[in-house]
Amino acid sequence: MTIKRLTLALAATLSLTATGAGLAQPAAAPAPAPKVTAQTPPPKLIVMVAVDQFSADIFAEYRGSFTGGLARLASGVVFPSGYQAHGATETCPGHSTILTGSHPARTGIIANNYFDLSTARDDKRLYCAEDESVAGTSSGSGKYAASVKHLLVPTLGDLMKARDPKAQVVSVAGKDRAAIMMGGHRADELMWLVPTGLTSYRGAALSPVAAQAGAAIAAALGQPRPPLTLPTDCAAKDIAIPIDKGGTVGTGRLGRDAGNFRGFMASPEADGAVLATAAALRQVRKMGEGSTTDLLIVGLSATDYVGHTYGTEGSEMCLQMAGLDRELGDFFARLDKAGIDYAVALTADHGGHDLPERNRQNGWPAAERVDPALDADKLGQAVAEKLGLPQPLLYSDGPFGDMYLSKALTPAQRKAASAELLARWRAHPQVEAVVTAEELAAHPVSKRSPDVWTLMDKLRASYNPQRSGDFVVVLKPRVTPIPESGLGYVATHGSVWDYDRRVPMLFWRKGLAGFEQPNAVMTVDILPTLASLIGLPVDATAIDGRCLDLLSGPESSCR
Ligand SMILES: [Zn+2]
């Protein structure tokens with residue numbers, strides 16, 4: 001599924017023709033426009049794009065080869081050192097910062113999964129974007145009711161709608177948590193990709209065009225996709241890397257069998273489907289054509305699937321970057337065709353890190369995988385057995401991050417368990433640090449630039465007293481927290497280290513003079529920046545970010 005194919009599938013509904021909807025247009029930037037100044041009226045449409053796992057490193061690596069949508073954005077206002085400043089660099093927290101102006105400490109989205117030991121659920125686990133009060137659901141089973149209820153703050157779309165109910169807010173993404181955390185509490189339409197095409201928030205019916213897009217996506221998914229042709233630029237990356245459980249990564253071509261949803265998601269097809277759906281919804285809703293500014297939110301998840309499945313430096317990521325660039329170019333060409341004045345912001349929810357097996361071959365011999373002995377379940381079991389304590393003793397979502405001690409312990413047992421766990425973690429050569437909830441509660445949120453944040457500063461920005469664990473375990477840099485690589489899951493993110501924190505932040509609008517600012521900024525700066533662009537007041541004391549002036553020269557876009 002490319003944006004062109006899906007657009008063709010929707011053409012009858014949208015009264016398009018193959019020659020009349022930008023289908024055959026190249027992704028070149030539009031003709032020069034009057035220069036944007038402080039007096040220029042607000043854009044009629046804001047397009048917020050989040051590319052999952054699009055690290056600053058990947059952006060830098062591919063920047064010179066972009067010719068489509070990413071080339072256009074890279075000609076705008078470029079902050080190559082954006083930061084998802086917090087410590088737990090996962091998808092849900094990352095998306096929660098982008099349109100709220102707030103660190104996860106304030107958004108409440110501290111991790112993809114966290115624990116509430118007071119729930120009736122056996123495993124005590126909560127998914128960040130679910131409503132656990134819906135009967136018959138559990139996050140572990142995958143049968144959960146998607147919900148925004150855990151997001152504690154308003155999004156840009158919520159604020160826009162509070163100012164003017166006519167403002168339209170539409171959020172489309174590959175993943176539910178991306179669509180939900182950026183879309184917020186009041187989106188008009190909110191949807192994400194599933195094996196049957198598209199699904200909507202809490203079972204709400206899809207609009208007719210979204211339903212048709214979903215059917216077209218399902219039909220495309222039902223067809224096999226032949227392997228993609230490797231561009232010449234990618235040839236040097238085409239090297240097979242053996243992985244632990246057999247097989248190799250690094251030389252893939254992103255082909256798939258009919259109906260293979262995982263293969264669909266780990267390819268530019270998924271991003272094309274999301275972009276085509278977003279473009280169709282914009283058109284049918286006439287977003288950007290009304291009296292007030294509308295907001296179109298796009299979550300592109302394929303880069304993350306490719307990163308986890310194949311790592312970040314092989315032929316697969318090279319193909320994904322080429323596809324993402326092309327699909328974004330086609331998407332912008334469709335918006336250009338509509339003649340609306342739109343502004344685009346693009347960033348990522350977190351960065352990423354290549355698999356240790358390839359890092360070791362590429363000049364980083366010390367890259368390694370986590371010791372299976374750090375498995376939190378096993379560690380909790382060993383400590384409980386040694387001290388004669390009730391089990392389960394420890395709740396966690398992996399070998400690092402937030403760790404929760406059982407509520408069944410007496411104060412004396414709790415003290416003994418803490419001492420034993422801390423001693424074991426701190427003695428392990430792969431552990432950088434373990435900090436306690438008490439230490440984090442006493443640490444202020446940093447007001448400094450995120451490139452000089454201490455470990456405590458990073459962890460504090462992820463700390464929420466109602467939701468965080470009793471301890472946070474931090475692994476040393478370049479320790480991949482997957483003990484054994486298997487086909488489908490070889491590399492990941494989530495650490496406090498800059499390869500996972502640094503993301504590009506790009507802003508583009510027709511007529512906006514481009515400039516580059518390499519100093520560190522944060523994704524929490526995006527909300528005040530976009531709000532200012534549309535004259536929307538934001539309470540500066542209620543957020544963590546600041547407005548970035550997008551006008552080079554003495555004028556400012558911050559008001
Ligand atoms: Zn992610």
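How far apart do the C-alpha centres of domain 1 and domain 2 lie? Keep that in mind as you load the structure, which is a predicted model.

**Stop 1: the two domains**

Colour by domain to begin. The domain assignment gives domain 1 as 3-25 + 44-109 + 151-356 + 496-510, and domain 2 as 371-429 + 431-475. To answer the opening question, the C-alpha centres of domain 1 and domain 2 are 34 Å apart.

Now select the contact between them: domain 1 contributes 12 residues and domain 2 contributes 15 residues. On the domain 1 side, the elements giving two or more residues are β2 (77-83) and α5 (104-107). Colour that side by class and you will find 7 nonpolar and 5 polar residues, with no charged ones.

**Stop 2: strand β11**

Next, select residues 342-347, which form strand β11. Is this strand buried or exposed? Here 6 of the 6 residues are buried, so β11 is largely enclosed by the rest of the structure. Show the side chains and look at the two faces in turn: Y342, V344 and L346 lie on one side, while A343, A345 and T347 lie on the other. Both faces are covered.

Add the neighbouring strands to the view. Strand β1 (residues 45-51) runs parallel to β11, and 6 bridges join the two. To find your place in this pairing, pick L45, whose bridge partner in β11 is Y342. Then add strand β18 (residues 502-509), which pairs with β11 in the antiparallel sense over 4 bridges. A useful landmark for this pairing is A343, which stands opposite R509 in β18.

**Stop 3: helix α14**

Move on to residues 376-387, helix α14. Its 12 residues reach 16 Å from the first C-alpha to the last, close to the 16 Å expected at 1.5 Å a residue.

Which residues of α14 are buried? Highlight A376, L379, G380, V383 and A384. Turn the view to look down the axis of α14: the buried residues fall within an arc of 130 degrees, so they line one face of the helix. The spacing has a simple background: an α-helix has 3.6 residues a turn, so residues three or four places apart point the same way.

On the other side of α14, select E385 and K386, both of which are exposed. Then return to the buried residues of α14 and show what they pack against: β13 (394-396), β14 (401-405) and α15 (411-427).

Finish the tour at G388, which follows α14 and has a positive phi, near 65 degrees.

Definitions and conventions: Residues numbered from 1 in each chain as written. Predicted model: local features only at pLDDT ≥ 70, side-chain atom pairs only at ≥ 80, totals over all residues. Domains from an automatic or database assignment. Contact = placed C-beta atoms within 7 Å. Nonpolar A, V, L, I, M, F, W, Y, C, P; charged D, E, K, R; others polar. Buried ≥ 20, exposed ≤ 12 C-beta atoms within 10 Å, placed from the backbone. Pairing = 2+ DSSP bridges. Expected span 1.5 Å × (residues − 1). Arc of directions from axis to C-beta.
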